[in-house]
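Please take a look at the sequence and the 3D structure shown here. Let us walk through them together, one step at a time.

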Amino acid sequence: QVQLVESGGGLVQAGGSLRLSCAASGIIFSFNAVGWYRQAPGKQRELVATIYSGGRTNYADSVKGRFTISRDNAKNTVYLQMNSLKPEDIGVYYCNTRAPRPLGGWSEYWGQGTKVTVSS
């Protein structure tokens, strides 16, 4: 059974930092791409950052230079370091991954989310 558990959200002042963690069980993160998404109130969920199995990373334009996604293979955990936080970074942050099914297709997995609030 695959389980993704996010943590690290909270309330921070604008300009501050938070580090989110996504710990996995039942799946090996280093074999798959892992993404951090966020959903602001009243808005659609958007992809913020991705780390691929080979270590390559990709970021939304809105967070480039401020956020860093990383992975600790020994802990099977992906992190999102968020610096210089802005009020527009508010939302619930989710980690996501998917893995191939034995008979074809993909299974997709989401964590329960962790809430980030930025005060101005």
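The paragraphs below go from a bond between cysteines to a core, then to two arginines, a pocket and two loop residues. Keep in mind that this is a predicted model.

Let us begin with the cysteines. A disulfide is a covalent bond between the sulfur atoms of two cysteines. This structure holds 1 disulfide. The disulfide joins C22 to C95, with a distance of 1.9 Å from S to S. The link of C22 and C95 is right-handed, with 45 degrees about the S-S bond. Try finding both ends: C22 sits in strand β3 (residues 18-25), while C95 sits in strand β9 (residues 91-100). The two are 73 residues apart, so the pair links distant parts of the chain. Is C22 buried or exposed? With a relative accessibility of 0%, C22 counts as buried, and C95, also at 0%, counts as buried too.

Next comes the largest nonpolar core. This core has 27 residues, and those that touch the most other members are W36, F67, I69, L80, M82 and Y93. Which strands give at least two residues each to this core? They are β3, β4, β5, β7 (67-72), β8 (77-82), β9 and β11 (114-119). The largest share, 4 residues, comes from β3. To see one of the core residues in its surroundings, pick out F67. Beyond its neighbours within four places in sequence, F67 is in contact with ten residues you can look up one by one: R38, V48, Y59, L80, Q81, M82, N83, L85, D89 and Y93.

One name in that list, R38, deserves a visit of its own. R38 is found in strand β4. Because its relative accessible area is 6%, under the 20% limit, R38 counts as buried. Setting aside neighbours within four places in sequence, R38 has contacts that include Q44, R45, E46, V48, F67, E88, D89 and Y93. For a sense of distance, the C-alpha atoms of R38 and V78 are separated by 15 Å, and these residues are 40 apart along the chain.

Another arginine, R71, has its place in strand β7. If residues up to four places away in sequence are not counted, R71 touches F29, S30, I51, Y52, S53, G55, T77 and V78. From R71 to V118, the C-alpha atoms are 25 Å apart in space, with their positions 47 residues apart in sequence.

Now turn to the empty space. Rolling a probe the size of a water molecule over the atoms shows where empty space is left. The largest pocket has a volume of about 200 Å³. Its lining is made of 14 residues, and A33, V34, T50, N96 and R98 lie nearest the centre. By type, the lining divides into 7 nonpolar, 5 polar and 2 charged residues. Strands β4 (34-39), β5 (46-51), β9 and β10 (106-110) each supply at least two residues of this lining.

Finally, stop at two residues in loops. N76 is placed in the loop between β7 and β8. Although N76 is not a glycine, its phi is positive, at about 50 degrees. S84 lies in the loop between β8 and β9, and its phi is also positive, near 50 degrees, in a residue other than glycine. How do they stand in terms of exposure? N76 counts as buried at 15% relative accessibility, whereas S84 counts as partly exposed at 39%.

Notes: Residues are numbered from 1 along each chain as its sequence is written. This is a predicted model: local features need pLDDT of at least 70, side-chain atom pairs count only at pLDDT 80 or more; totals for chains, interfaces and linings use all residues. Side-chain values use heavy atoms; hydrogens and water are left out. A disulfide is a pair of cysteine sulfur atoms within 2.5 Å. Buried means under 20% relative accessible area, exposed over 50%, partly exposed in between (1.4 Å probe, protein chains only). On a 1 Å grid over the protein atoms alone, a cavity is a set of points where a 1.4 Å probe fits but cannot get out, and a pocket is an open set with protein on both sides within 12 Å along at least five of seven lines; lining residues have an atom within 4 Å of a point. Grid points are joined across faces, edges and corners, and a volume is the space filled by probe spheres set on the points. Ala, Val, Leu, Ile, Met, Phe, Trp, Tyr, Cys and Pro count as nonpolar, Asp, Glu, Lys and Arg as charged, and the others, Gly among them, as polar. A nonpolar core is a set of buried Ala, Val, Leu, Ile, Met, Phe, Trp, Tyr and Cys residues joined through side-chain atoms within 4.5 Å. Contact means heavy atoms within 4.5 Å.
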